[in-house]
Amino acid sequence: MEKLTDKVAYLIGLAEGMKLNADVPEQKILLKMLDVMRDFSKAIEEIRQDHDDLSEYVGNIDEDLEEVESALFDDEFEDDDECSCGHHHGDDIMEGEMEYECPHCGYETKFDLADFDFEEDYLCPKCGKSFFPESDEDDDEDEDEDEDEDEDDGETEDTEQK
């Protein structure tokens, strides 16, 4: 493909060969149009060169970024079940152990994460209470209900004695 500047240079050469005169109004406009076309073609050629330079620069940055990502995240993206957000969407199998302290008596125990079932209620072997109570709010509500029942029982006994 010929460059635009070469095509415009050819047209200017034709105009010079035709011996166009700038004093004749019809010929003057053609000469001025050729000058504008030459300026446009030079500007477009500069833009094309800048674009090529930037494209090469962006390509180099992209390669460098790939190297950095590979160095930082290579281990995370080895699994086929993993997505680009960095976590698994398939059935995960956790490995290792987790140490946990009973919130009631302080007894420490270890759980094998591969066998851990989040639906199961694990009880402390020392005090027999749940390692993972539902919530503190539930415990407070239970205590309040127990106190209310005790008060109700007291009133019932008083009315029975009368």
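**Salt bridges and cysteines in a predicted model**

Modeller: R48 and E45 form a salt bridge, with their closest N and O atoms 3.4 Å apart. This is a predicted model, in which local features need pLDDT of at least 70, side-chain atom pairs count only at pLDDT 80 or more, and totals for chains, interfaces and linings use all residues. Residues are numbered from 1 along each chain as its sequence is written, and side-chain values use heavy atoms, with hydrogens and water left out.

Colleague: Why is the contact between R48 and E45 called a salt bridge?

Modeller: A salt bridge requires a side-chain nitrogen of Lys or Arg within 4 Å of a carboxyl oxygen of Asp or Glu. The N and O atoms of R48 and E45 are 3.4 Å apart, so the pair qualifies.

Colleague: What makes K3, E45 and R48 a network?

Modeller: Salt bridges link K3, E45 and R48. K3 also meets E45, at 3.8 Å from N to O. That pair joins distant parts of the chain, K3 in the segment before α1 (4-17) and E45 in helix α2, 42 residues apart.

Colleague: Why is E45 called buried, and R48 partly exposed?

Modeller: Buried means under 20% relative accessible area, exposed over 50%, and partly exposed in between (1.4 Å probe, protein chains only). E45 has 19% and is therefore buried, whereas R48, at 36%, is partly exposed.

Colleague: Why do C124 and C105 not count as a disulfide?

Modeller: A disulfide is a pair of cysteine sulfur atoms within 2.5 Å. The sulfur of C124 lies 3.6 Å from that of C105, its closest cysteine sulfur, and is therefore too far for a bond. The search of the whole structure finds 0 disulfides.

Terms used
Helices (H or I, at least four residues) and strands (E, at least two) are DSSP runs, numbered from the N terminus.
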